[in-house]
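Here are a few short exercises to work through with the model open beside you. Try each task before you read its solution.

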Amino acid sequence: MSFIVIPKTSVGPVVFGQNREQVRVAAKSPVTPFWKTPESTVQTDAFDELGFHVYYDENDRCVAVEMWEESDPVLDDVHFFSMTPKMASSWLSQMDPNMTSDSVSATSNKICISIYSDAGINSENEKLDSVIVFVDGYY
């Protein structure tokens with residue numbers, strides 16, 4: 001299953017700004033809420049069958065969706081998980097010359113997308129580990 005990414009707006013059926021119940025209805029999949037980190041103040045929803053997690057703000061509004069290969073996120077016919085981390089980073093820098101990166105991630109605040117790879121963002125032989133799409137101001 002592929003999920004169409006519309007930057008700053010939605011990922012598949014999940015629309016940024018929806019409340020938790022609206023997201024759960026839209027996803028039409030079993031959900032497991034959990035605390036992402038010990039410092040989390042709001043639970044994250046795991047939609048494991050769909051391959052993504054949904055993050056909420058203090059008002060319980062959707063602010064980000066983190067995806068894995070199973071969810072096959074697609075933007076402008078680009079399937080993120082068909083690219084190596086290096087290819088994805090290069091594509092992201094073309095979309096946003098002001099993209100920031102470190103050894104394992106690259107983030108565009110212009111189109112509100114970040115990619116992550118344990119193997120390193122310059123890896124030419126591995127796959128991405130995750131892609132997160134978020135609202136303005138998330139990072």
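Keep in mind that this is a predicted model.

**Exercise 1.** Work out how phenylalanine 3 and phenylalanine 52 are arranged as an aromatic pair.

*Solution.* Start with the method: a pair of aromatic rings is described by the distance of the centres and the angle of the planes. For phenylalanine 3 and phenylalanine 52, the centres are 5.4 Å apart and the planes meet at 90 degrees. Angles over 60 degrees count as edge-to-face, and that is the label this pair gets. Next, find the two rings along the chain: phenylalanine 3 belongs to strand β1 (residues 3-6) and phenylalanine 52 to strand β6 (residues 52-56), 49 residues apart. Finally, Phe47 joins Phe3 and Phe52 in one aromatic cluster.

**Exercise 2.** Decide whether phenylalanine 3 and phenylalanine 52 are buried or exposed.

*Solution.* The cut-off for buried is under 20% relative accessible area. Phenylalanine 3 has 4%, so it is buried. Phenylalanine 52 has 1%, so it is buried too.

**Exercise 3.** Find the strands that pair with β7 and say in which sense they run.

*Solution.* Begin with β6: it runs antiparallel to β7, and five bridges join them. Here tyrosine 55 sits opposite alanine 64 of β7. Five residues lie between the strands of this hairpin, where aspartate 60 has a positive phi near 65 degrees. Now turn to strand β13 (residues 130-134), which pairs with β7 over four bridges, also antiparallel. Valine 65 has valine 133 of β13 as its bridge partner. As a last step, check burial: six of the six residues of β7 (residues 62-67) are buried, so the strand is largely enclosed by the rest of the structure.

Conventions: Residues are numbered from 1 along each chain as its sequence is written. This is a predicted model: local features need pLDDT of at least 70, side-chain atom pairs count only at pLDDT 80 or more; totals for chains, interfaces and linings use all residues. Side-chain values use heavy atoms; hydrogens and water are left out. Rings of Phe, Tyr and Trp (its six-membered ring) pair if their centres lie within 6.5 Å; planes under 30 degrees apart count as stacked, over 60 as edge-to-face and the rest as tilted. Buried means under 20% relative accessible area, exposed over 50%, partly exposed in between (1.4 Å probe, protein chains only). Helices (H or I, at least four residues) and strands (E, at least two) are DSSP runs, numbered from the N terminus. Two strands pair if DSSP finds at least two bridges between them.
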